[in-house]
Structures are given as structure tokens and as C-alpha cells.
Amino acid sequence: MSYMITEGCIGCGLCKRNCPVFAISGEPKQMHRINPKRCIECGVCGRLCAKGAVQTSKGVVLQRVPKKDWPKPHINEKLCSACSICVDSCASGALKIAMPKFKGDIDVAAELTAPEKCVACALCEKRCPLGAIRLVPVPAEPSSAAAQKNEAKPDAGRDAASAASPESKASEEVRV
Amino acid sequence: MSAKIQVKYWGELITLTGKKDDELEASSVAELIKQLEKTYGKAAAKEGKRMLIAVNGTNIQLLERCKTRLNEGDRVAFLPLSGGG
Amino acid sequence: MNLPVYAYINLSTGELEKRTISESYFKKYIGGKTLAARLLLDHYPPGVDALAPESVIIVNTGPLNGTGAPSSSRFNISFKNVLSGGVASSNCGGTFGVMMKRAGFDGLVISGKSEHPVHICITDGDVELLDASELWGLDAEKTQESLPKHHGKLVIGQAGENLVSYASAVSGERVAGRCGVGAVFGSKNIKAISAFGTAEPPVLNKKKFDEFVVKWVSFLKKHPMTGDCLPHYGSAGLVNKANANWALPTRNFQRGHYEQADKVSGETLADTRLVRNSSCVSCPIRCERRVMLDGKEVKGPEYETLGLFGPNIDACNMDDILRLNYVCDILGMDTISAAGSIAFAMELKEKGIADFGVEFGRTDNLVDVMYKIANREGIYSELANGSKWLSEKYGGKEFAMHSKGLEMASYEPRRSVGMGLGYATGNRGGCHLNGGYLALLESVGALSLDAQSPRSKAQLTVFMQNALEAVSASGFCLFSAQTFVPAVFFKLGPNHFITRMAGRIMTFSGPLVRFILNIAPALWINSFYLLPHAEAVRLVTGIRMYTGQFVRLGERSFNLERLFSLREGLTAADDTLPDRMTKTPQVKGRADTVVPLDVMLPKYYKTRGWDKNGVPKPRTLRKLGIEV
């Protein structure tokens with residue numbers, strides 16, 4: 001099964017650059033195509049597409065999600081055996097095995113060293129044999145603080161969201 | 001008639017004794033372990049006993065085990081076990 | 001049942017074919033080196049030279065590769081041994097195997113010779129032959145940098161291009177080192193193979209398998225060998241232990257003990273050079289050493305490299321060894337055979353027979369020598385042929401330290417006579433792992449059998465060879481099998497009465513081991529404490545695999561490889577060791593410090609069910625279900 005790109009595609013290349021398994025091909029400003037043999041239905045392309053041009057094999061159109069709302073992998077260090085399957089699977093290089101904390105430290109685990117690179121494809125979660133990685137919705141502190149504000153003052157929350165939007169637009173182009 | 005022995009610790013023993021190189025007085029390996037216990041406590045002696053003990057680079061199992069005699073200036077190393085291939 | 005899919009590639013004609021392995025083959029041979037040995041027997045044209053265009057090379061995986069099981073990234077390459085003319089298999093832990101499987105292939109059967117350098121590109125069930133003329137001449141590191149970043153890669157360096165007899169194939173920083181796999185690739189003009197895909201390898205009983213893997217990983221983490229020794233010191237930790245037991249080859253195996261061995265030991269490595277430990281993908285053991293070299297983090301040396309580029313050439317310069325290890329890797333050259341050949345050349349010089357500009361105690365010029373060997377420059381072209389070839393030209397067969405042409409690993413067989421039997425009988429030649437690795441039980445591990453006694457060694461060697469063979473065939477790293485030495489012996493230590501008694505008892509266990517080998521299929525048990533691999537195979541494939549059948553699978557594998565070697569012209573006369581090992585005592589005046597090969601070999605043949613000429617008896621083949 002595979003996702004599909006539909007007529008609405010303007011060939012901006014955002015999905016192609018961010019596909020974690022390099023399944024999307026296409027020339028700039030031309031309609032792009034997903035290789036059905038390779039697509040893992042992670043939905044990264046759909047979350048990025050401003051035109052709503054990605055749909056599932058059943059025809060459901062994927063909705064765009066702002067980057068700040070993408071879930072992030074959370075690693076349970078107690079379960080992790082540092083076997084590096086996740087690091088190997090992460091095409092964007094967001095994960096690494098931690099460096100030893102002291103000489104002779106062998107008790108290390110995977111860590112999210114470059115959260116801004118993560119495209120939330122969830123391959124790490126899917127392939128981790130120990131179930132040590134879970135994608136959890138939205139990072140902790142700033143957003144939870146914002147969420148609290150939102151509850152208190154709806155107007156201020158809207159301001160904050162609009163102020164944040166140019167920033168998030170810039171960071172959306174993860175791999176340029 | 002004990003002799004001064006140059007001792008080298010590895011692995012857990014470094015933590016237990018707080019040093020890597022040491023000088024102890026003993027006339028045999030068994031006595032050396034006793035010295036270890038006296039100086040650094042039971043845990044150190046227990047750990048030492050379960051390691052591979054080499055006198056001047058040779059495993060005491062090829063010598064006379066714990067009865068191996070030690071002479072002035074001998075080097076004793078406590079080596080961690082290992083595997084691989 | 002999910003049957004393996006193989007790509008048959010003929011480089012001469014450019015023909016590509018996808019074939020599914022039959023169910024009967026899959027059930028009988030599983031995959032990896034076992035299935036590869038069967039396919040070699042089927043497809044290799046008898047008598048054809050290893051480097052001839054018609055030769056066949058098989059790159060394949062086992063059923064466990066890429067499933068997420070611990071230490072399951074190892075893939076196998078089987079071919080005709082460049083050094084011995086018999087069978088060869090080489091095992092590697094890079095990402096290539098897993099990626100090839102995700103790309104939809106369990107194996108490649110490659111024959112023919114390409115007209116120009118070729119890059120075999122495997123993606124999503126398709127195979128493409130791309131021109132690699134621009135890559136030719138690059139070292140293994142640069143070649144990999146030139147290939148698509150996300151692909152799993154398998155490449156050769158200059159050594160392979162120039163057909164150095166012990167050239168290796170490199171995947172990431174892991175190496176399929178032995179037997180000259182790089183030369184075979186080079187002879188076919190294969191510069192690189194790369195793979196990428198996203199098809200997850202099939203797991204039949206996913207839920208139970210996942211639970212099993214979690215338990216297994218925690219078992220590995222708790223076991224002193226795989227959870228403590230190997231992550232801390234890697235295989236390099238063996239240097240001091242082998243040295244303490246006089247089993248560390250010194251000066252081209254003249255002695256077994258080196259005064260300053262500590263300078264190149266795993267402990268010193270960990271203390272002074274180690275940046276961190278790392279692993280092949282999927283491995284929780286993490287034995288790989290990472291060290292700094294000229295401001296760059298590179299893979300550190302294994303025990304073999306330390307021993308053979310250290311004491312065995314009468315030197316102990318850690319910096320030089322780190323550099324030699326790195327240089328051999330990027331040139332694509334086996335460190336064991338390279339160092340073994342150099343040690344032999346050094347002894348030739350010492351004895352005044354030949355001068356290759358290398359001498360005992362000197363390592364500063366060796367990096368230069370490595371480049372010259374890899375490029376086959378002038379007289380160094382002779383060193384590139386290995387020590388067997390050198391000894392045939394210059395003489396000195398009694399101290400050319402190889403078996404069947406393959407240089408011995410860094411274990412002195414005179415202090416580990418079972419290892420000596422293993423070297424003599426290993427299908428690849430002087431390989432410790434194909435030889436059953438009794439050294440671990442005799443002279444470097446926690447448990448110590450009587451290292452000088454031939455008693456029970458034949459049976460134990462057979463058992464270990466079979467077990468390791470099966471572990472390899474299913475796609476696992478052999479290190480994951482080291483947990484079969486019970487943790488309690490590590491806790492008690494080698495000096496404890498119980499450990500010593502256990503070693504003693506095992507020295508007399510021969511008849512029992514033979515009995516177990518005979519009734520193997522009746523052992524319907526799977527346990528973490530024996531070989532957890534069997535249970536993993538059962539859960540992944542659905543084949544009814546239990547410890548007994550698993551060991552029997554290894555036996556089938558070993559016999560298949562033997563049959564191939566015999567067909568290609570090897571005989572019982574090749575099951576031998578250099579005279580230095582069998583006739584010259586390691587310690588003057590101690591007659592027991594030789595390898596009593598003539599005592600052990602007949603027993604070994606008998607235990608294997610082979611006749612006096614080392615040929616498997618028809619009854620043995622029937623028992624194993626092998627049809628020739």
C-alpha cells in the first residue's frame with residue numbers, strides 16, 4: 001500500500017526533500033510521484049503539503065500539520081540497548097547514540113540530538129525491537145506554557161500563534 | 001620474609017582500591033590477597049580472587065595457583081575476564 | 001512460509017533473474033553460509049579457478065537479518081577460497097545485509113565478469129548494473145562516500161582491484177575480511193554493491209518474537225561476557241589473557257608470550273585511546289572500539305589485529321597498530337592474513353632467505369608496505385600472494401603459519417591444542433571461528449579445559465564448529481553465542497575451585513558430547529542458556545527448530561562446505577599444521593607444548609562420520625539429508 005500525490009501538486013519539492021525513505025521523485029514545478037514499492041505510509045509528505053495533494057490509498061486527503069505540532073520521539077533510556085537500529089533508520093540524522101558520560105561508561109542510550117531535523121516519520125518507533133521509542137505529541141515546556149496561556153486568554157494565544165508562524169514556516173523547510 | 005610486589009589493578013578493582021598501581025608486601029599470591037583484604041576491605045579481596053591473576057605476565061593457573069611464590073620486584077596484575085574472537 | 005528470494009546476476013551477459021529458493025532447501029539449509037554452501041555445490045563449475053570469470057560468488061543473508069533480534073546484522077559471502085582453493089565464507093556486520101533484505105532480496109548469486117567496473121545497485125526488488133569506472137582506484141572509504149548516502153554498501157578497495165589474495169570487502173566500517181573475497185569481486189570488476197529498500201523482513205510470529213527479543217536483550221545485558229567484558233574491552237581484552245596463558249603468538253609463532261604485551265592490550269586501549277564503544281546495527285553487545293586517529297574517530301583494532309601487528313612481529317606500538325588497522329580497512333585488506341604474511345616475510349629476512357624490507361620489531365614502515373602490497377608494487381606483489389605462496393617459492397614451510405593457505409588467527413595452538421585441531425580442520429583454513437574456537441574454553445576464557453591434553457578435543461571441536469556454523473547461518477554474530485559459558489563461572493572466576501573442576505570435567509566430556517551429537521535431533525528444547533538462536537529461528541520462520549536440530553543444521557553446513565572443498569581438490573593431507581606447531585615444543589624441554597594433531601585428527605574424522613581420508617561417509621550424508 002502506498003500514498004499518492006494528486007493533481008494539486010505544484011512541484012515545490014518539500015515532500016521529496018523530507019521523505020525519510022527517498023520514495024518521492026519529480027522535477028521542480030512538475031507533479032511529483034511516490035514510489036509505491038518504497039512508501040511506508042508515514043505521512044510526512046501529507047503533513048508538509050500546503051496544497052493537500054497527498055492522499056492515502058483509500059482516497060483520504062492528508063491534512064497539513066504545522067511543524068511545531070509534530071510529535072517527537074521520546075526514548076526510554078531504561079529499555080534502550082543502544083543497538084543503533086533507530087540511528088541507522090533515521091534518514092534526517094536526528095538521533096544519535098549518546099557519548100559515554102565518563103571513562104568506561106557503557107550504559108548509554110539513543111538520544112534525540114537534533115530535534116529540529118526530525119520529520120516524525122516514526123520509523124525509529126516502528127523498528128525499535130525493544131519498544132523503547134515512542135512518538136509523543138509536541139515538546140514539553142514552551143508549548144505547555146503556551147497551552148496554559150491559551151486556556152487563560154484566548155486572544156493572547158492567537159497573537160502568539162500568529163507571531164510564531166513566520167518562524168515555523170522557515171523551519172518547515174527542513175532539508176533545503 | 002615478605003617481598004615488595006608491584007601490583008596493577010584493572011576493572012572493578014580500580015574503583016575499589018582507588019588506584020591503578022600499587023605496592024604490597026607478600027610472599028605468595030594467597031598472602032597478597034590477604035593483604036588486599038587488610039588494606040582495602042573484603043570486597044576488594046573478593047573481586048581480586050575472581051579475576052585472572054598474572055604473576056610477571058603469566059596466569060597463576062599455569063604456575064602454582066594461589067601458592068605461587070612471590071619474590072622482590074615481581075609484578076602481579078589483576079586482569080578482568082574477557083571474550084571475543 | 002516466506003521463502004528467500006535470490007537475484008542471479010551474470011555479469012558477462014548482463015542477465016538478471018529473480019529466483020525463489022524452494023521450500024525443501026529453505027527448511028533444510030535456512031540461509032546464510034549453509035544455503036550458500038549448497039548453492040555453491042549446485043552452481044559452481046567444478047575445478048574453475050577462484051578468480052576466473054566463470055567463478056560464482058554468493059552474497060546472502062539469514063532469516064534473522066533485519067528482524068531486530070540482537071546482533072542480527074551479519075551477512076555472509078561464500079565463494080571459492082583464493083588462498084586455499086577450497087571453500088570460503090566470510091561474515092560481515094555492516095548495514096549491507098539488512099538493507100539488501102529490505103530491498104527485497106535475501107541473496108545474490110553472482111557469476112561472470114563485467115567488461116567495465118560495475119556498481120550493482122539493488123533497490124526495491126530491482127537490480128541495476130551501473131558503470132563504476134569513476135570509482136575504480138578509490139579506497140573503500142572514498143568509494144562509500146561516493147555512493148548514495150542512505151544505501152547499505154559493500155565495496156572493495158585498491159587491494160581487491162589488484163587481486164591481492166587476501167583482499168577484503170568493506171561495508172561501512174565493518175569488513176568481510178578473510179579468504180580473499182575482495183579479490184573475487186575485483187576479478188569480476190565489481191567495485192561496489194549497494195542496496196536500499198523499505199520492505200521489512202517477514203517475522204511469522206511477531207508478537208511472541210518481540211517478547212522473546214526483549215528477554216534476550218536483557219539476558220545478554222546481564223551476562224558478564226556480553227554485558228560487561230565485551231562492551232568494556234572488546235575482543236581486544238583477550239591480549240593480556242592470551243599472553244598470561246602463553247597463547248599469544250610472538251615473533252611469527254616462535255613463542256607464546258610477550259613481555260610487553262600489556263602495551264597493546266585491550267585494557268590499555270580502553271584506558272588510553274578509547275573514545276567510546278559502538279556496535280554493528282542491531283547489536284546490544286557493542287564490542288566495537290572507537291578511537292581517534294589524526295583527529296578523526298575511526299574503528300579501533302580487534303584482538304587479532306593487535307596480536308598479529310603487535311607481539312607476532314615483535315613490536316608493541318599501539319599508535320602504529322591503530323593506523324595499520326585503519327589503512328588495511330580502507331585499502332580493503334584482511335589484517336590477519338596481511339600481518340601473517342608480513343610476519344613470515346620478517347622471519348625469511350631473519351633467516352637470511354629473502355628480504356622484503358620488513359624486519360621483526362619494526363612497524364614504522366609498515367603503512368608504506370601495506371600500500372605497496374595493495375597496489376602490488378614490485379617485490380611487494382609477492383607478499384600479496386600470502387604466506388603459503390611465499391613458502392612455496394622461498395621455502396620455510398615449517399614456519400609459514402597457515403592452514404590450507406589461510407593465515408592463522410592470533411591464538412597459539414601449542415597452548416590451546418583444540419584450537420590447533422580447529423585450525424587444521426576448519427573449512428576456510430587457519431580460522432579460529434570456523435575452527436570451533438576452543439581457545440575460548442582452553443586458554444583465554446573463564447573456564448579452562450586442560451589446554452595441553454588432546455582428550456575430548458575432537459568431540460568438542462566438532463560440537464563447537466557445528467554450533468557456530470548454525471549461528472552464522474541464521475544471520476547472527478558469533479559473539480551472541482558466547483553466553484553459553486554460564487555466568488556463574490565469571491562470578492566465581494578462573495581461580496575458584498568450582499570453575500577449575502568444571503574445566504576438569506569438561507576435559508573428560510568427549511563421549512558425552514559425542515552422544516549428544518548423535519542424538520541431537522531428539523533434543524526438543526530451547527533455552528537462553530544454550531543457544532537462544534534456535535528459538536529465534538523458530539519464531540521467525542515457523543520451521544520447527546530446537547537446539548538439537550540447530551546443531552544438526554551446523555553439521556549439515558560443515559559437511560556441505562567440506563564436500564565443496566574436496567570436490568575442488570583439497571584432501572585430508574590439507575588438514576594439517578606447520579611443523580613448528582606439531583614438532584617444535586613451545587617451551588624447550590616440555591614435550592607437551594606441541595599440538596598432538598596425529599592423535600586428535602583420526603578421532604575427529606570418526607566423530608564427524610568421515611572415513612580415513614576425511615571424506616564424509618555415505619551414511620553421514622544420508623543422516624544429514626545431503627544429496628550430492
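Start with the chains. Two pairs of them touch, and the pair with the most contacts is B and C. The model is a predicted one.

**Stop 1: chains A and B.** Select these two together. No contact joins chain A and chain B. Their closest C-alpha atoms lie 9 Å apart.

**Stop 2: chains A and C.** Now hide chain B and colour the contact between C and A. Chain C puts 23 residues into this contact, and chain A puts in 20 residues. Stay on the chain C side. Select α7 (206-222), α8 (224-233) and β13 (274-278) of chain C: each supplies at least two residues of the side that touches chain A. Which of these elements gives the most? α7(C) does, with five residues. Colour that side of chain C by residue class. Eight residues are nonpolar, 10 are polar and five are charged.

**Stop 3: a helix pair in chain B.** Bring chain B back and select residues 29-40, helix α2, and residues 42-50, helix α3. At what angle do these two helices of chain B pack? The angle is about 150°, and the axes are 6 Å apart. Angles over 145 degrees count as roughly antiparallel, so α2(B) is roughly antiparallel to α3(B). The crossing of α2(B) past α3(B) is right-handed.

Next, show side chains where the two helices meet. From α2(B), pick Ile33(B), Leu36(B), Glu37(B) and Tyr40(B). From α3(B), pick Lys42(B), Ala44(B), Ala45(B), Gly48(B) and Lys49(B). Colour this set by class as well. The contact of α2(B) with α3(B) holds five nonpolar residues, one polar and three charged.

Note on methods: Residues numbered from 1 in each chain as written. Chains lettered and ligands numbered in written order. Predicted model: local features only at pLDDT ≥ 70, side-chain atom pairs only at ≥ 80, totals over all residues. Contact = placed C-beta atoms within 7 Å. Axes fitted to C-alpha atoms, helices over the stretch in contact; angles between N-to-C directions. Helix = DSSP H or I, 4+ residues; strand = E, 2+ residues; numbered from the N terminus. Parallel < 35°, antiparallel > 145°, perpendicular 65-115°, else oblique. Left-handed = near helix turned anticlockwise from the far one by under 90°. Nonpolar A, V, L, I, M, F, W, Y, C, P; charged D, E, K, R; others polar.
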